[in-house]
Amino acid sequence: YEYNETINIEHAMNTDINNPIIVAKMKNGELFVLDGNHRVYKAKHLGIDKIKAYILSEEKITKYMYCEL
């Protein structure tokens with residue numbers, strides 16, 4: 001995980017890192033944070049290297065990204 005300038009540090013430090021983040025596991029094995037960037041930032045800042053997460057497959061994410069309205 002790399003710091004992103006869109007992270008509001010004050011907000012990040014007030015998040016609850018006990019709430020799971022949501023990540024997509026890509027076909028190449030990489031994990032992409034869909035929801036929870038502020039929690040990840042806080043965990044890293046505190047020296048925590050593991051956090052609870054819901055891990056979704058790339059196929060499942062694609063299904064929801066391209067739904068008809």
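**Exercise 1.** Determine whether Arg39 is buried or exposed in this predicted model.

*Solution.* First, locate the residue: Arg39 belongs to helix H2, where helices (H or I, at least four residues) and strands (E, at least two) are DSSP runs numbered from the N terminus. Next, recall the classes: buried means under 20% relative accessible area, exposed over 50%, and partly exposed in between, with a 1.4 Å probe and protein chains only. Arg39 has a relative accessibility of 13%, and therefore counts as buried. Finally, list its partners, taking contact as heavy atoms within 4.5 Å. Neighbours within four places in sequence set aside, Arg39 touches Thr15, Asp16, Ile17, Asn19, Pro20, Ile21 and Ile51.

The model is predicted, so local features need pLDDT of at least 70 and side-chain atom pairs count only at pLDDT 80 or more, while totals for chains, interfaces and linings use all residues. Residues are numbered from 1 along each chain as its sequence is written, and side-chain values use heavy atoms, leaving out hydrogens and water.

**Exercise 2.** State in which order the strands of the open sheet are arranged, and describe their pairing.

*Solution.* Begin with the chain, whose elements run α-β-β-α-β-α from the N terminus on. The open sheet holds 3 strands in the order E2-E1-E3, with mixed pairing; two strands pair if DSSP finds at least two bridges between them. The edge strands are E2 (31-35) and E3 (53-57), each pairing on one side only. From one strand to the next, the twist averages 35°. Strand E1 (residues 21-25) pairs with E3 in the parallel sense over 5 bridges. Within this pair, Ile21 has Ala53 of E3 as its bridge partner.

Then place the helix: H2 (residues 37-45) lies across E1 and E2, at about 120° to E2. Axes here are lines fitted to C-alpha atoms, for helices over the stretch in contact, and angles run from 0 to 180 degrees between N-to-C directions.

**Exercise 3.** Establish where Asn28 is found and which backbone nitrogen lies 2.9 Å from a polar atom of its side chain.

*Solution.* Asn28 sits in the loop between E1 and E2. Its relative accessible area is 57%, so Asn28 is exposed. The backbone nitrogen in question is that of Glu30. As a last step, compare positions along the chain and in space: Asn28 and Glu58 are 30 residues apart along the chain, and their C-alpha atoms are separated by 9.8 Å.

Notes
Polar contact = N/O pair within 3.5 Å; in protein donor to acceptor, adjacent residues only side chain to side chain.
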